[in-house]
Amino acid sequence: MAPVDHAPRSSAAREPVSDPADNVAVMIDTLAPAPALRSARLLLTPLTHADADAVHAIFADARTWQHLPSGRHTDVEQTLAMIERSLTSLAEYGCGTWSMRLADDGPDGPVIGVGGVTWSSAGCWNLGYRLASEAWGKGLATEVARAGIVHARRAEPDAPVTARVLSTNPASARVLDHVGLTQVWRGVPRDRTLEVPDVERLVFSDRRLRPETLDGLIALG
Ligand SMILES: CC(C)(COP(=O)(O)OP(=O)(O)OC[C@H]1O[C@@H](n2cnc3c(N)ncnc32)[C@H](O)[C@@H]1OP(=O)(O)O)[C@@H](O)C(=O)NCCC(=O)NCCS
């Protein structure tokens, strides 16, 4: 596999995305820092500070952290730091997390979750999603994951799309199955940062990983 170029991406990497096969159409918002996307049911906009309160409410809700209670955001600063990481990924690599709204609700509708891909320090894409509990069970995580993979492959096709889930989170693993990622590692990270007893970390990828990439993902805990 060709080595991945880790250099920051130019603005060309953020050109509008359109892929009818994946039902991801472009909706250019000239006021937004990067294109908003429409999928079948979702309006996806780059996660920015404008959505901090709504996103914090989701990340502070214990229901969205049943599998890792210690991850719950207890301070809005944690949510702001996550937004910053997403904005950095968007600026440097062309993809960041999206705020999710139902397309029928329009751009002023409530944020129902976040999802998409960000650049991982392991040198690959990281696919993630966290939805308000009211939005679960409708295939919306699968829908945002699919859009994220399309976007990542346009921005950096040589970079694997990966995801990390806990063994106690079968719904998240099922989403990854749906979008074509397969499990490439399962185990307890060496530094045992997972405080939940009897839980293992699962690493998924859309392709075979170079050993150093997998090691980097495992090292994240
Ligand atoms: C995990 C999460 C994103 C799933 O969102 P969602 O919109 O409900 O997901 P989807 O509807 O697209 O797909 C969920 C799949 O998991 C299945 N599922 C749900 N609960 C399950 C369970 N306990 N065991 C096995 N499968 C389960 C669903 O049936 C569905 O599969 P299907 O389409 O084959 O029926 C959502 O529950 C969430 O935000 N949880 C809290 C945050 C989180 O865990 N994020 C992931 C961290 S790695």
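Among contacts in the protein chain between residues at least 6 apart in sequence, 63% join residues at least 24 apart. Keep in mind that this is a predicted model. The protein chain has 221 residues, 50% of which count as buried, and its secondary structure comes to five helices and nine strands. A ligand sits in a shell of 20 residues, and helix α4 gives the largest share of that shell, with six residues.

**Overall layout**

- Following the sequence, you will meet the elements of the protein chain in the pattern β-β-β-α-α-β-β-β-α-β-α-β-β-α.
- The accessible surface of the protein chain is about 10800 Å², and carbon and sulfur atoms account for 51% of that surface.

**Around the ligand**

- Of the 20 residues that surround the ligand, the closest are Leu131, Gly137, Gly139, Thr142 and Asn169.
- By class, you will find nine nonpolar, seven polar and four charged residues in the shell around the ligand.
- At least two residues of the shell come from each of β6, α3, β7 and α4, and α4 supplies the largest share with six.
- Asn169 places a polar side-chain atom 2.8 Å from an oxygen atom of the ligand.
- For Arg174, an N or O atom in the side chain is 2.9 Å from an oxygen atom of the ligand.
- His178 likewise has a polar side-chain atom that lies 2.9 Å from an oxygen atom of the ligand.
- On its own the ligand has 960 Å² of accessible area, and the protein covers 68% of that area.

**Helix α4**

- Helix α4 spans residues 170-178, and its buried residues are Ser172, Ala173, Val175 and Leu176.
- Why do the buried residues of α4 line one face of the helix? Seen down the axis of α4, they fall within an arc of 150°, so they share that face.
- Pro170 and Ala171 are exposed on the other side of α4.
- The packing partners of the buried residues of α4 are β6 (124-131), α3 (140-155), β7 (161-166) and β9 (201-205).
- After α4 comes Gly180, which has a positive phi, near 90°.

**Helix α5**

- In helix α5, residues 211-219, the buried positions are Thr213, Leu214, Leu217 and Ile218.
- These buried residues cover an arc of only 135° around the axis, so they lie on the same side of α5.
- Pro211 and Ala219 are exposed on the other side of α5.
- The cover over the buried residues of α5 includes β5 (113-120), β6, β7, β8 (182-187) and β9.
- Gly221 follows α5, and its phi is positive, near 95°.

**Cys124 in strand β6**

- Cys124 belongs to strand β6 and is buried, because its relative accessible area is 0%.
- Setting aside neighbours within four places in sequence, Cys124 is in contact with Thr118, Trp119, Pro160, Thr162, Thr213 and Leu217. Of these partners, Thr213 and Leu217 are among the buried residues of helix α5.
- Cys124 and Glu156 are 32 residues apart in sequence, and their C-alpha atoms are 9.2 Å apart in space.

**Trp136 in the loop between β6 and α3**

- Trp136 is found in the loop between β6 and α3.
- Is Trp136 buried or partly exposed? With a relative accessible area of 41%, Trp136 counts as partly exposed.
- The side chain of Trp136 reaches the backbone oxygen of Leu131 at 2.8 Å, and Leu131 is one of the closest residues to the ligand.
- Beyond its neighbours within four places in sequence, Trp136 is in contact with Arg63, Thr64, Gln66 and Leu131.
- Trp136 also lies 9.8 Å from Gly113, C-alpha to C-alpha, and the two are 23 residues apart in sequence.

**His56 in helix α1**

- His56 has its place in helix α1, which covers residues 52-59.
- The relative accessibility of His56 is 16%, so His56 counts as buried.
- The side chains of His56 and Thr79 are joined by a polar contact of 2.7 Å.
- Apart from neighbours within four places in sequence, the contacts of His56 are His73, Asp75, Val76 and Thr79.

Notes:
Residues are numbered from 1 along each chain as its sequence is written. This is a predicted model: local features need pLDDT of at least 70, side-chain atom pairs count only at pLDDT 80 or more; totals for chains, interfaces and linings use all residues. Side-chain values use heavy atoms; hydrogens and water are left out. Buried means under 20% relative accessible area, exposed over 50%, partly exposed in between (1.4 Å probe, protein chains only). Helices (H or I, at least four residues) and strands (E, at least two) are DSSP runs, numbered from the N terminus. The arc is that of the directions from the helix axis to the C-beta atoms. Contact means heavy atoms within 4.5 Å. A residue is near a molecule or strand if one of its heavy atoms lies within 4 Å of it. A polar contact is a pair of N or O atoms within 3.5 Å; within protein, one must be able to donate a hydrogen and the other to accept it, and residues adjacent in sequence count only if both atoms are side-chain atoms. Accessible areas come from the Shrake-Rupley method with a 1.4 Å probe; for residues, only the protein chains shown count as cover. Ala, Val, Leu, Ile, Met, Phe, Trp, Tyr, Cys and Pro count as nonpolar, Asp, Glu, Lys and Arg as charged, and the others, Gly among them, as polar.
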